[in-house]
Amino acid sequence: MFIRPDNKLTQRAVDTSSMRSHNSRLLLELLWRAGELSRADLARESGLSRSTVSAIVADLLDAGIVSESHVAPSQGGRPPIVLRIEEDRFCIVGVELGASHITALRIDLRGRVRAEASREHPVEHDPAGSMALLFTLIDQVLVGSQGSALVGVGLAVPCPIDPRQPDRLSTRILPRWGEVRPGTELFERYGASVLVDNDANLGAVAERWWGAGQAAADFSYVKVATGVGSGHIFGGEVYRGAYGIAGEIGHTAIDPAGPPCRCGRQGCLEAMIGSASMVRRAREQLAAGVESALRAASPLTLGAILGAARAGDTLALRIVGEAGQYLGIAVANLVNLLNPSLVVLGGPLTEAGALILEPMQRELHERALWTSIETTDVRVSALGHRAIALGAGTAVLHAALQDPSLFPVPGPALRGPLLASASSSNVHP
Ligand SMILES: [Zn+2]
């Protein structure tokens with residue numbers, strides 16, 4: 001899923017083919033999880049020989065990915081040198097290209113958000129303006145990152161991604177984006193690897209690493225925003241289906257006679273509970289003469305509807321309650337089909353809290369098989385509005401830990417301290 005045209009990448013920090021890629025991945029992951037380990041610890045925990053560990057660590061030191069941190073107290077014999085990943089020397093950018101907004105984050109190798117920039121924008125209708133804004137927001141979050149090298153850019157997009165053509169957005173969902181290659185444009189501008197994936201898949205990744213899904217090997221993430229989608233983690237990995245379309249819960253039918261959906265069909269979940277469809281329903285009701293505080297809302301947005309519902313407005317409460325009911329039907333179908341241990345709900349609609357969750361749970365209990373209900377926990381995401389962009393960055397982190405060659409060669413500014421720290425500790429076990 002990475003965009004990194006080989007003819008444009010000349011500098012690689014680590015040659016995986018000559019560097020025992022499997023073992024280097026194993027050691028890097030052990031080190032990332034533990035934070036600090038000596039060569040002896042790595043040999044013990046990986047089951048690799050001391051000489052293999054030393055050779056791989058030497059490569060990782062040369063590549064500037066790992067450093068010798070300090071000498072630990074001796075436990076009999078030579079005091080061990082503690083190794084750690086050079087976390088401050090690298091950064092990652094995660095971007096959410098939403099249907100109507102763009103969010104960019106700079107994160108460190110622990111998933112901590114170091115900078116954030118976000119702007120509303122009609123992404124669906126304005127590819128050129130969206131790409132320009134995307135660059136502006138990324139440039140903003142990179143301010144202050146001098147001294148850390150960009151490992152890659154993760155880009156979450158609001159449509160399915162076919163792994164055979166990872167840089168093409170679905171024209172069925174985003175008709176104006178047919179000629180745009182966002183991954184290639186990002187690669188050309190930042191010279192770093194770019195990973196493009198569906199937004200809900202990346203929301204699931206964020207939940208798996210940092211959120212509600214950390215303890216769950218099999219769970220589903222459902223995002224309800226302008227678009228509605230789901231990401232599924234099976235056996236700890238994202239399930240994509242044969243051609244990357246798995247998880248398009250937003251385009252499963254709820255009401256065959258329902259309103260038209262932007263996919264061209266009728267009565268899809270997204271056409272019933274997506275932000276735009278809720279606003280449309282409110283407009284229709286107001287036009288039909290229904291009394292509501294929403295009449296004064298300008299502009300009439302999902303936020304206005306949620307606010308009016310919280311204040312007890314009858315029309316807003318009905319619209320939100322119906323959305324909860326439709327969401328419950330979809331989640332019941334999902335748990336009957338996949339039996340996840342957990343369903344995490346994300347996106348702005350979940351900000352309605354109990355107003356959406358209670359009707360959702362009622363419908364879920366009505367429709368899901370009792371065995372599914374007993375074994376499936378439903379929770380609202382604690383990662384908030386950053387979840388998707390965080391997931392995009394996290395997918396890059398995951399890929400880099402799997403393939404150390406993705407770590408960029410440190411620039412000249414980094415060479416100095418790196419060489420100094422390496423040469424100051426010339427003791428090798
Ligand atoms: Zn649809």
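Biologist: What follows helix 8, and what is its phi?
Modeller: Helix 8 is followed by G289, with a positive phi near 95°. Helices here are DSSP runs of H or I, at least four residues, numbered from the N terminus. Residues are numbered from 1 along each chain as its sequence is written. And keep in mind that this is a predicted model: local features need pLDDT of at least 70, side-chain atom pairs count only at pLDDT 80 or more, and totals for chains, interfaces and linings use all residues.

Biologist: How many residues does helix 8 have, and which of them are buried?
Modeller: Helix 8 covers residues 275-287, so 13 residues, and spans 19 Å from first C-alpha to last, close to the 18 Å expected (1.5 Å times one less than the number of residues). S275, S277, M278, V279 and A282 are its buried residues (20 or more other C-beta atoms within 10 Å; C-beta atoms are placed from the backbone). Their cover includes helix 7 (269-273), helix 9 (302-310) and helix 10 (314-338).

Biologist: At what angle do helix 2 and helix 3 pack?
Modeller: Angles run from 0 to 180 degrees between N-to-C directions, and axes are lines fitted to C-alpha atoms over the stretch in contact. Helix 2 (residues 39-46) and helix 3 (residues 50-62) pack at about 120°, axes 9 Å apart. That makes helix 2 oblique to helix 3 (not under 35 degrees, over 145 or 65 to 115). R39, L42, A43 and S46 of helix 2 touch R50, V53, S54 and V57 of helix 3 (C-beta atoms within 7 Å).

Biologist: Which residues of helix 1 meet helix 2?
Modeller: L26, L27, L30 and L31 in helix 1 meet L42, E45 and S46 in helix 2. The axes of helix 1 (residues 21-34) and helix 2 come within 10 Å and cross at roughly 115°.

Terms used:
Helix = DSSP H or I, 4+ residues; strand = E, 2+ residues; numbered from the N terminus. Buried ≥ 20, exposed ≤ 12 C-beta atoms within 10 Å, placed from the backbone. Contact = placed C-beta atoms within 7 Å.
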